[in-house]
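Good morning, and thank you for coming. I would like to take you through one structure, beginning with how its helices pack and then turning to its charged side chains.

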Amino acid sequence: MFTPLVADLTGSASAGLRHDELEELLDLRGCDVLRQLLSDHLELRARREEAAARARPHPPSGPDGVVRTRLE
């Protein structure tokens, strides 16, 4: 998502945009990039937690005795 945004900003189409239009473009598309980064980070964290939970000799369980699949 970042590379296409950079391409749009360096392309000839953006050269004709007013400053307020550029700000709006960055505001909308930049927020999309940040949301995707956060989502990807949270997915990676979940995968790492699941792998760490599986790697333990005894799977962690809560006070209710239910085995947990994450190390939260």
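In this predicted model, helix H1, residues 2-10, packs with helix H3, residues 19-55, at an angle of about 170°. Their axes lie 10 Å apart. An angle over 145 degrees counts as roughly antiparallel, and H1 is therefore roughly antiparallel to H3.

Which residues make the contact? On the H1 side they are Phe2, Pro4, Leu5, Asp8 and Leu9. H3 contributes Leu22, Leu25, Leu26, Arg29, Gly30 and Val33. Sorted by class, this contact of H1 with H3 comprises eight nonpolar residues, one polar residue and two charged residues.

Let me stay with H3 for a moment. This helix has 37 residues, and the distance from its first C-alpha to its last is 53 Å. That is close to the 54 Å expected at 1.5 Å a residue. The buried residues in H3 are Gly30, Val33, Ala46, Glu49 and Ala53. Two names recur here: Gly30 and Val33 are buried, and Gly30 and Val33 also belong to the contact with H1.

I now turn to the charged side chains. As a general point, side chains of opposite charge can pair when their charged atoms come close. How many salt bridges does the model contain? The count comes to four, and I shall describe some of them.

Arg35 and Asp32 form a salt bridge through their side chains, at 2.7 Å from N to O. Both residues lie in helix H3, three residues apart, so about one helical turn separates them. As to accessibility, Arg35 is exposed, with a relative accessible area of 53%, whereas Asp32 counts as partly exposed at 32%.

Salt bridges that share partners also join Arg18, Asp20 and Glu21 into one network. Within this network, the side chains of Arg18 and Asp20 meet at 3.0 Å, N to O. Arg18 also forms a salt bridge with Glu21, where the closest N and O atoms are 3.3 Å apart. Arg18 is thus the partner named in both pairs. Asp20 is partly exposed, its relative accessible area being 42%. Glu21 likewise counts as partly exposed, at 28% relative accessibility.

To review, H1 and H3 pack at about 170°, and the model holds four salt bridges, including that of Arg35 with Asp32. Thank you for your attention.

Key: Residues are numbered from 1 along each chain as its sequence is written. This is a predicted model: local features need pLDDT of at least 70, side-chain atom pairs count only at pLDDT 80 or more; totals for chains, interfaces and linings use all residues. Side-chain values use heavy atoms; hydrogens and water are left out. Axes are lines fitted to C-alpha atoms, for helices over the stretch in contact, and angles run from 0 to 180 degrees between N-to-C directions. Helices (H or I, at least four residues) and strands (E, at least two) are DSSP runs, numbered from the N terminus. Angles under 35 degrees count as roughly parallel, over 145 as roughly antiparallel, 65 to 115 as roughly perpendicular and the rest as oblique. Contact means heavy atoms within 4.5 Å. Ala, Val, Leu, Ile, Met, Phe, Trp, Tyr, Cys and Pro count as nonpolar, Asp, Glu, Lys and Arg as charged, and the others, Gly among them, as polar. Buried means under 20% relative accessible area, exposed over 50%, partly exposed in between (1.4 Å probe, protein chains only). The expected span of a helix is 1.5 Å times one less than its number of residues.
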